[in-house]
Amino acid sequence: MFYGLNNIAKKILPKGLFYRSLIIVATPMILLQIIITIVFFDSLWIKANKGMTRSLVSEIATLFDVYKNQQSQKEKQMILALYNKNYDFIVTIKENELLPEIKSERWYSPTDRSLRRELKPVFGNSYWFDTTSYKDLVELRIKYQNGFIQILFPRNKVAPSSARIFALWITLPGLLLILI
């Protein structure tokens, strides 16, 4: 019953002792690296991403609420100037414009997922964001009266940079140990 499968395995696997021992050592090391990387991305990196996004959405919700409650145009401009200066935002008000219909969200992107997850309870369906048009910026538009508030903010406010460093630190020593 397993005769055919056994022959295929014998043809694929190496014959020499050195190469067989290399597979015995390298396979657990590679599997361990893959498991650690997956656990890291699913737990630590996603949680950090979620916390950063939640903090950013709170800042934006505060801006939106304060801006909405001000009466004079001078006070509104002062609030926008303060947010542009202190929070590293680029905030502009677009009058008589509609939110784009087409959402350029990437469903597989952790950044897009966390933005959607945090923005939806705060702003409902009256927002739009784009993480692909600019290399280092994220564009967010929130419906306001007969237009929208456009906020550009740095990507590093919602995406931790430690993921690439972690992948590098887990891969290079593992490869070095396999070579040794």
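Okay, let's start with contacts. If you take the contacts in this protein between residues at least 6 apart in sequence, 62% of them join residues at least 24 apart. Keep in mind that what we're looking at is a predicted model.

So what is it built from? There are five helices and four strands, and if you read along the sequence, you get α-α-α-β-α-β-β-β-α.

Now, the overall dimensions. Along the principal axes, the C-alpha atoms fill a box of roughly 80 × 35 × 25 Å. The radius of gyration comes out at 25 Å, while a compact globule of 180 residues would be near 16 Å. As for the surface, about 12,100 Å² is exposed, with carbon and sulfur atoms supplying 65% of that. And 33% of the 180 residues count as buried.

Let's walk along helix H2, which covers residues 17–69. Leu31 sits in this helix, and Leu31 belongs to a nonpolar surface patch of about 540 Å², together with Ile30, Ile34, Ile35, Ile38 and Val39. Is Leu31 itself buried, exposed or partly exposed? It counts as partly exposed, because its relative accessibility is 47%.

Stay on H2 and move to Asn49, which is in that helix too. Asn49 has a relative accessibility of 1%, so it counts as buried. Which residues does Asn49 touch, once we leave aside its neighbours within four places in sequence? Those would be Pro110, Thr111, Ser114, Val158, Ala159 and Pro160. With Ser114 there's a polar contact as well: the two side chains are joined at 3.4 Å. For a sense of distance, take Asn49 and Lys68: they are 19 residues apart in sequence, and their C-alpha atoms are 28 Å apart in space.

Last stop, a loop. Leu99 lies between strand E1, residues 90–94, and helix H4, residues 110–123. Its relative accessible area is 18%, and buried means under 20%, so Leu99 counts as buried. How far apart are Leu99 and Tyr127 in space, C-alpha to C-alpha? The answer is 7.4 Å, with their positions 28 residues apart in sequence. Tyr127 is also one of the contacts of Leu99 beyond its neighbours within four places in sequence, and the others are Ser126, Trp128, Arg141, Ile142, Lys143 and Phe148.

So those are three residues to find when you open the model: Leu31 in the nonpolar patch, Asn49 in helix H2, and Leu99 in the loop between E1 and H4.

Note on methods. Residues numbered from 1 in each chain as written. Predicted model: local features only at pLDDT ≥ 70, side-chain atom pairs only at ≥ 80, totals over all residues. Heavy atoms only, no water. Patch = residues over 30% accessible without salt bridge, like charges linked within 9 Å, V, L, I, M, F, W, Y side chains within 5 Å. Areas by Shrake-Rupley, 256 points an atom, 1.4 Å probe, with all protein chains shown as cover. Salt bridge = Lys/Arg side-chain N within 4 Å of Asp/Glu carboxyl O. Helix = DSSP H or I, 4+ residues; strand = E, 2+ residues; numbered from the N terminus. Buried < 20%, exposed > 50% of the residue type's maximum accessible area, 1.4 Å probe, protein only. Contact = heavy atoms within 4.5 Å. Polar contact = N/O pair within 3.5 Å; in protein donor to acceptor, adjacent residues only side chain to side chain. Rg over C-alpha atoms; globule rule 2.2 N^0.38 Å.
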